[in-house]
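Me: Got a structure here that I'd like to talk through, ligand site and then fold. Mind if I fire off some questions?

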Amino acid sequence: MTAPTPPLAGGQGGADALRPLLDTVLTALRTGDAARGGPLPAGGPHTTAARVRAALGEVLPAHGTGDHEALTTLVHTLAAGAADPAHPLCAAHLHCPPLAVAAAADLAVSALNPSLDSWDQAPAASAIEEHLTATLAAELYPTPHPDALLTTGGTEANQLALLLARERHGPRLTVVHGANAHHSIPRAAWLLGLPPTLTLPTPTGTLDPHTLDAALTRTPGPTLVTATAGTTDAGLIDPLPALADVCDRHGTELHIDAAYGGTLAFSPRHRPLLAGLDRARSLTLDLHKLGWQPVAAGLLAVPDTRLLAPLAHRADYLNAPDDTEAGLPDLLGRSLRTTRRPDAVKIATTLRSLGRDGLAHLIDRTCATARHLADLLDAHPGFELHAHPTITTVLFRPTPADDDQLATLRRTLLHDGTAVLGRATADGRLWLKATLLNPHTTTGDLDTLIAHLEGRTHR
Ligand SMILES: *Cc1c(COP(=O)(O)O)cnc(C)c1O
């Protein structure tokens with residue numbers, strides 16, 4: 001007896017096959033969330049791993065359990081053991097709660113599975129991507145022919161930026177960045193076979209233009225400066241116009257890693273913080289941070305589409321010259337990947353659903369929540385606030401506490417499943433980090449967070 005062939009997600013019967021399965025998925029998401037009952041599972045890594053092993057048993061059983069059982073088991077286990085960024089006390093990393101509309105749009109992408117390595121695998125998806133990237137690029141650069149590529153995130157965007165710079169300036173290019181830069185910058189230089197990067201100290205948390213000026217003066221050969229708009233640790237924005245001036249004086253190009261802060265450009269209220277952004281030869285931006293997209297949703301933008309020419313690539317089965325001449329769009333130069341998921345669909349759906357005002361409201365609201373948390377901590381005798389937030393990152397310490405106690409407190413909160421907070425070093429000390437990305441977080445939630453911390457601190 002042979003098992004029935006399982007239904008497909010696409011095609012004539014796809015939607016009808018999916019509907020009951022989705023019902024199962026949604027129920028399991030709900031039961032998993034209820035079983036967890038907090039921002040992450042209690043008990044730490046061993047407990048979670050043991051629960052997963054117990055629930056799953058054999059990953060590949062001799063005989064299948066069927067779609068509904070498999071979905072119920074896996075999705076419930078996943079949700080029960082999730083660090084759920086939609087929980088207001090899950091606020092450690094640049095790990096955003098995705099909007100329901102974006103996740104729903106992504107389901108359609110999974111069902112149809114367009115692949116952006118050739119037009120004949122993604123006719124509408126490739127057109128949606130082109131339309132979206134042109135729009136986003138124009139939001140960031142006021143130039144005649146800006147362009148942008150979708151990436152898996154800031155890491156890939158930074159790699160592409162350094163690759164394009166290497167192709168312009170050769171393999172002796174020295175990348176110059178602050179100690180506040182994302183680790184993916186020096187790692188990209190390593191990957192690309194560039195000389196070791198020059199790391200400049202950033203004792204104030206941002207890259208000082210005088211420090212940069214002095215470094216460029218004493219560094220021979222071609223250089224690329226990378227600045228950060230939204231540091232991962234503290235959410236600080238480098239002084240972009242002054243850094244761009246220094247780069248101009250030295251004839252050096254500037255890349256700006258705005259993975260975190262770049263979406264402030266969509267808020268009329270916060271956009272002024274990004275003054276100077278368009279002076280970069282390339283820009284990194286992540287919509288899976290302050291853009292509420294499910295992973296992955298990264299972007300590399302450039303002021304002129306010709307800057308992307310080094311990525312042109314030929315593979316006869318995907319973009320034969322006669323196919324391209326006959327009008328089939330050539331997509332291979334839009335990424336280093338081959339098979340590629342159309343992340344543009346969820347992003348474009350979200351932008352359409354929210355509109356400019358809706359997106360600005362989400363950004364402004366989330367920034368206001370972070371400011372409010374900082375105010376609460378600042379006014380509280382039991383805490384020391386590092387600084388008022390520029391974007392949505394709040395660094396603070398319980399007082400009195402040394403670095404070891406603080407690291408232990410963070411792990412205790414994780415172990416107990418109470419709160420997910422991050423850690424960052426600033427001014428030579430360790431701080432707790434709350435990265436607020438949840439637009440639904442209320443002042444009551446912030447009070448709860450502080451109450452948890454007080455309980456732990458004074459235990
Ligand atoms: C998050 C982040 C990155 C890396 O982005 P991924 O999407 O995680 O690859 C790079 N730079 C900065 C400043 C970031 O905050």
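Me: Which helix gives the most to the shell around the ligand?
Reply: Keep in mind that this is a predicted model. The shell is made up of 15 residues, with Thr155 and Asp257 among the closest. The top contributor, with 3 residues, is the helix spanning 154–169, namely H6.

Me: How much of the ligand's exposed area does the protein bury?
Reply: Start with the polar contacts: a backbone N or O atom of Gly154 sits 2.9 Å from a ligand oxygen. The side chain of Asp286 puts an N or O atom 2.7 Å from an oxygen of the ligand, and the side chain of His288 does so at 2.7 Å too. Taken alone the ligand exposes 380 Å², and the share of that buried by the protein is 86%.

Me: How many polar residues does the shell around the ligand have?
Reply: Split the shell by class and you get 3 nonpolar and 3 charged residues. The polar count is 9.

Me: Why is one side of S1 and of S3 left without a neighbour in the sheet?
Reply: The sheet is open, has mixed pairing and runs S1-S7-S6-S5-S4-S2-S3. S1 (147–151) and S3 (198–200) stand at its edges, so one side of each goes without a neighbour, because each has a single partner strand.

Me: What angle does the direction of H5 make with that of S1?
Reply: H5 covers residues 123–140 and packs on the sheet. This helix touches S1, S6 (282–286) and S7 (298–302), and its direction relative to that of S1 makes about 120°.

Me: Which residue in S5 stands opposite Thr226?
Reply: S4 (223–228) and S5 (253–258) pair in the parallel sense over 5 bridges. Opposite Thr226 in S5 you'll find His255.

How values were computed:
Residues are numbered from 1 along each chain as its sequence is written. This is a predicted model: local features need pLDDT of at least 70, side-chain atom pairs count only at pLDDT 80 or more; totals for chains, interfaces and linings use all residues. Side-chain values use heavy atoms; hydrogens and water are left out. A residue is near a molecule or strand if one of its heavy atoms lies within 4 Å of it. A polar contact is a pair of N or O atoms within 3.5 Å; within protein, one must be able to donate a hydrogen and the other to accept it, and residues adjacent in sequence count only if both atoms are side-chain atoms. Accessible areas come from the Shrake-Rupley method with a 1.4 Å probe; for residues, only the protein chains shown count as cover. Helices (H or I, at least four residues) and strands (E, at least two) are DSSP runs, numbered from the N terminus. Ala, Val, Leu, Ile, Met, Phe, Trp, Tyr, Cys and Pro count as nonpolar, Asp, Glu, Lys and Arg as charged, and the others, Gly among them, as polar. Two strands pair if DSSP finds at least two bridges between them. Contact means heavy atoms within 4.5 Å. Axes are lines fitted to C-alpha atoms, for helices over the stretch in contact, and angles run from 0 to 180 degrees between N-to-C directions.
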